[in-house]
Amino acid sequence: MVLVRRTMAGLLRLPGPTVATKAHRINQLTQGVRKGVGSRQDEHRHENLSGSVENILNPAASASRSSSRGSVQYIGQRQYSTRSSGTKAGAPEYSHVIVGAGSAGCVLANRLSENPDNTVFLMEAGPKDHTWTIHMPSAMRYNLAGDKYNWCYHTAPQKHMDDREMYWPRGRVWGGSSSLNAMVYVRGHAMDYDRWEREGAVGWSYADCLPYFRKAQTHELGPDDYRGGEGPLHVCRGKSNNPLNRAFIEAGQQAGYPYTDDMNGYQQEGFGEMDMNIRKGVRWSTANAYLRPALKRGNVRAEVRCVATRILFEGNRAVGLEYLQNGETKQVRAAREVILSGGSINSPQMLMLSGIGDADDLRKLGIPVVQHLPGVGQNLQDHLEAHVQQACTQPVTLYSALSPHRMLMIGVRWFATRTGLGATSHMEAGGFIRSRPGVEHPDVQYHFLPSTINDHGRVAGKQHAYQVHVGPMRPTSRGYLKLRSADPHAHPLLNPNYLSTPQDVLEMRLSIKHTREIFAQKAFDPFRGAEIGPGHSIQSDKDIDAYVRQHSESGYHSSCTCKMGAESDSMAVVDAETRVLGVENLRVVDASIMPSIVSGNLNAPTIMLSEKAADIIKGEPPLPKSTAPVYQPETLDAQR
Ligand SMILES: Cc1cc2nc3c(=O)[nH]c(=O)nc-3n(C[C@H](O)[C@H](O)[C@H](O)COP(=O)(O)OP(=O)(O)OC[C@H]3O[C@@H](n4cnc5c(N)ncnc54)[C@H](O)[C@@H]3O)c2cc1C
């Protein structure tokens with residue numbers, strides 16, 4: 001009964017943050033990290049609650065930093081250290097040591113362990129994902145509100161956002177952010193990858209990347225030139241059939257935009273059904289897709305509650321990692337390579353803690369410089385989203401599902417059969433449009449929800465209502481991330497610099513205006529109530545801009561902080577083969593190496609780039625280029 005009560009509480013109505021003030025929360029988190037993150041007691045309580053994760057996946061069964069300093073040499077633009085890192089004798093050795101069992105790390109552990117000669121050590125700061133709150137798709141907000149599986153970052157006060165410190169959840173658990181995210185499967189636009197190649201990521205054009213999107217995927221609608229049929233990453237189409245999803249897709253067409261039957265295929269532009277990383281009603285995180293199969297091979301060791309604290313170097317060659325586990329400092333050696341997959345925040349943080357970054361910044365913190373790479377932590381990009389919310393005059397929204405009786409029924413059904421409203425993240429309809437004439441490919445994305453989300457799901461809706469999350473896909477604002485101290489447990493300073501360009505302000509404003517036009521179409525006539533947000537009083541450009549500053553939030557797509565590029569690019573951090581410039585045996589593979597943010601969500605692109613990087617690391621030839629065509633709008637002279 002306790003299980004059922006907890007299940008229901010977590011289903012759709014979620015508790016607010018457990019800690020009163022943000023400072024207190026960060027402090028607690030830091031303490032948690034020092035202890036090895038979370039407590040074992042907590043994890044065991046969850047394990048007892050949910051049964052083993054294998055039951056969840058199978059419904060039938062479920063009833064001291066070293067002080068050594070060395071000399072520094074400059075070779076060309078770059079700076080090299082000859083210091084030795086003071087590795088301990090007798091540390092265990094693996095061929096590859098990977099930091100972070102997130103979207104990227106799990107893919108790498110799987111693909112590298114396909115070669116029986118490789119031995120992989122995968123370290124994850126968080127615990128295993130043994131909780132139903134991760135695997136039940138509709139329960140996702142539970143972990144956004146809590147800090148058990150979540151780093152709970154906050155940005156620095158945002159100058160152009162009324163000085164708000166904005167909340168950035170990130171996964172700290174097996175699967176990383178793929179265990180916390182909204183499961184929307186979107187690849188971005190073909191031209192994003194062609195742009196990557198122009199930005200110096202040679203070999204990463206769309207024709208090069210599409211075969212890896214396909215390799216990763218099994219789409220429930222079957223393979224074609226765009227979809228994969230044999231990959232570990234299962235993708236499905238929404239099945240809840242909520243009439244509001246249909247109304248949204250129809251309204252988009254009534255407003256003059258095209259319908260697309262696969263926004264990840266030939267035609268991104270338009271409105272249609274979205275794909276989700278859900279398999280048989282269960283979140284298909286990279287832990288489920290890639291890590292669990294890899295662990296069966298016997299050549300992967302996955303350690304949890306391990307916080308990597310620095311990379312060990314001999315000269316400029318990475319030879320291992322130092323990490324903290326259960327309060328003990330340990331080391332592991334890498335015979336071939338150390339790979340950072342700690343995500344867009346931790347990978348640059350780990351490089352800087354280990355002496356790779358802007359030399360002046362590192363010296364100020366007393367960190368010995370191994371390699372001057374001023375691009376580390378720069379080029380920070382994210383998607384900013386506004387919510388446009390409208391009251392609904394019919395009881396068809398998810399608000400109905402919040403009654404205790406309905407929650408009970410939804411939970412029981414999901415636990416018994418993995419079907420029903422518990423088996424979806426409810427982001428089932430969406431769209432991509434161009435904000436204005438002249439824009440070459442869609443720069444505004446819609447996620448529609450037959451419900452409302454307030455304050456990252458921490459505040460429950462109070463009435464029948466629906467909403468879109470909408471915002472620009474290729475913002476021009478550029479931010480940065482810097483160390484606050486040499487303490488590996490301190491969260492770095494995060495400054496995405498949202499809305500720092502007039503273009504981004506304009507695109508946000510247009511996003512809201514285009515949304516209002518779509519919500520005004522006749523498909524919504526049977527459902528349309530009063531606009532809740534921005535609200536009818538907000539009409540002038542000035543008022544819309546103020547609403548955006550006060551209410552928009554991160555789309556959770558921080559990225560590009562260790563960008564891939566040519567060695568001639570002084571801000572590049574890794575080369576097109578994912579190797580950190582100027583040092584040996586060290587790579588970064590995760591969302592941080594994107595040269596620029598793509599026009600869509602980032603989980604599928606991160607998995608794709610990890611698949612491609614795995615082939616590079618293994619020395620395999622790249623998959624043959626795709627020749628699949630890409631939709632072009634009839635004219636760029638008009639917005640639609
Ligand atoms: C709330 C939320 C919703 C999102 N929704 C979507 C969506 O619907 N669709 C989509 O495509 N994308 C979505 N995203 C974005 C997407 O999930 C991420 O961009 C993607 O998962 C990033 O993958 P990654 O491998 O770079 O990092 P992560 O998946 O975050 O993995 C990094 C891992 O490294 C671990 N780690 C970090 N530091 C250390 C250390 N020092 N030692 C050991 N381990 C460490 C972390 O704990 C984590 O497990 C969402 C993200 C969030 C947070």
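These are my notes on confidence, the ligand shell and one annotated domain in this structure.

**Confidence.** I began with how far to trust the coordinates, since this is a predicted model. The protein chain averages a pLDDT of 89. I noted that 86% of the residues score at least 70. Then I looked up the weak stretches. Residues 1–51 stay under 50 in pLDDT. The model still has 79 contacts beyond four places in sequence for residues 1–51. Residues 59–84 are also below 50. For that stretch I found 51 contacts beyond near neighbours in sequence.

**Ligand shell.** Next I turned to the ligand. I found 43 residues around it. Which of them come nearest? They are Gly100, Gly102, Gly176, Asn601 and Asn603. I then checked which elements give two or more residues to this shell. They are helix H5 (103–113), strand S15 (306–314), helix H12 (343–353) and helix H17 (603–618). H12 gives the most, with 4 residues. By class, I recorded 20 nonpolar, 19 polar and 4 charged residues in the shell.

**Annotated domain.** Last, I consulted the UniProt record. Its unreviewed entry lists "domain: Glucose-methanol-choline oxidoreductase N-terminal" for residues 171–194 and 343–357. How much helix and strand does residues 171–194 hold? I read 21% helix and 8% strand there. The end C-alpha atoms of residues 171–194 are 29 Å apart. Residues 343–357 are 73% helix and 13% strand. Their end C-alpha atoms lie 16 Å apart. My list of shell elements has helix H12 at 343–353, and the record's second span is 343–357.

Definitions and conventions. Residues numbered from 1 in each chain as written. Predicted model: local features only at pLDDT ≥ 70, side-chain atom pairs only at ≥ 80, totals over all residues. UniProt positions renumbered as here; feature names shortened; annotations may be inferred. Near = placed C-beta within 6 Å. Nonpolar A, V, L, I, M, F, W, Y, C, P; charged D, E, K, R; others polar. pLDDT = per-residue confidence, 0-100. Contact = placed C-beta atoms within 7 Å.
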